[in-house]
Every structure is written in structure tokens, then in C-alpha cells.
Amino acid sequence: MQELLEYDCPGNIRELENLVEQACILNKGQALSWARELVPIKRTKRVLKEKQNEDTFDIKGVKEEQLKQERETLLKALKYTNWRIRGSKRAAKLLDMKPTTLEYRMVKLGLK
């Protein structure tokens, strides 16, 4: 009875009814035992809190990583082409972008 009182029933009354019915069917005239472990309320709240901490998403960190990766890619292309932006076999062509877009991104990322 104590386990049932401490149980944090995540569903509705039908789920609780099924739980008791299951225990009665599986029980053969002995003391009532549950077909599955009943998770106490305190433990459930702790697990939920830990789960929330795992699920946090740091968009700022992702954006910083993205900009860092973009900067490295542009630097590699520019070094490979001796910092030449326009024309065939130049950085813009290599990166498959317009030269004006490459220039804009260079300014944005602090590349000169």
C-alpha cells in the first residue's frame, strides 16, 4: 500500500486501474506484488530535472561554433588562392559563391 501511495502515476485513472488489475491477475492468492516497479514521486521529479538539464540547447554556443567554422573555411580557401577573391580559380569560385558575398563575409568575420 505504501508503494502505491508514493507512486507518481504518470497517466490517468485507467492506467492506475490497469496496474492494479495486472497485479491481481499475476498474483495467485499471495500478497499483492506489482508487475513492474513503481517509481516514487521524489525519484521521478529528480529524473525529470536531470533530463531537463540534458535537453538544454545552447543556441549561442552553436552560432559561435558555426562562425568559427566558417572563418576557418574562408581562411583555408583564401590562403590556397593567395588571397585572390575574383576570377577563375579564385577563392569565391572555389567556395562556389559570388565575390561580393565572400567580401561581405570576410568583413563580417574580421578577415582582411
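How are helix 4 and helix 6 oriented to each other? In this predicted model, the two helices pack at an angle of about 125 degrees, and their axes lie 11 Å apart. An angle of that kind falls outside the ranges for roughly parallel, roughly antiparallel and roughly perpendicular, so helix 4 and helix 6 are oblique to each other. Their crossing is left-handed. On the helix 4 side, the residues that meet the partner are Leu 67, Glu 70, Leu 74 and Leu 78, while helix 6 brings Leu 102, Arg 105, Met 106 and Lys 108. Sorted by class, this contact holds five nonpolar and three charged residues, with no polar ones.

Stepping back to the whole chain, the protein has six helices and zero strands, giving the pattern α-α-α-α-α-α along the sequence. Of its 112 residues, 18% count as buried. Among contacts with a separation of 6 or more, 38% link residues 24 or more positions apart.

Then there is the nonpolar core. The largest one is made up of 11 residues: Leu 74, Leu 75, Leu 78, Ile 85, Ala 91, Ala 92, Met 97, Leu 102, Met 106, Leu 109 and Leu 111. Helix 4 (59–80), helix 5 (91–94) and helix 6 (99–108) each give two or more residues to this core, and helix 4 gives the most, with three. Leu 78 turns up both in this core and in the contact between helix 4 and helix 6. Leaving aside residues up to four places away in sequence, Leu 78 touches Trp 83, Ile 85, Ala 91, Leu 102, Met 106 and Leu 111.

Terms used
Residues are numbered from 1 along each chain as its sequence is written. This is a predicted model: local features need pLDDT of at least 70, side-chain atom pairs count only at pLDDT 80 or more; totals for chains, interfaces and linings use all residues. Side-chain values use heavy atoms; hydrogens and water are left out. A nonpolar core is a set of buried Ala, Val, Leu, Ile, Met, Phe, Trp, Tyr and Cys residues joined through side-chain atoms within 4.5 Å. Buried means under 20% relative accessible area, exposed over 50%, partly exposed in between (1.4 Å probe, protein chains only). Helices (H or I, at least four residues) and strands (E, at least two) are DSSP runs, numbered from the N terminus. Contact means heavy atoms within 4.5 Å. Axes are lines fitted to C-alpha atoms, for helices over the stretch in contact, and angles run from 0 to 180 degrees between N-to-C directions. Angles under 35 degrees count as roughly parallel, over 145 as roughly antiparallel, 65 to 115 as roughly perpendicular and the rest as oblique. A crossing is left-handed if the near helix is turned anticlockwise from the far one by less than a right angle, and right-handed if clockwise. Ala, Val, Leu, Ile, Met, Phe, Trp, Tyr, Cys and Pro count as nonpolar, Asp, Glu, Lys and Arg as charged, and the others, Gly among them, as polar.
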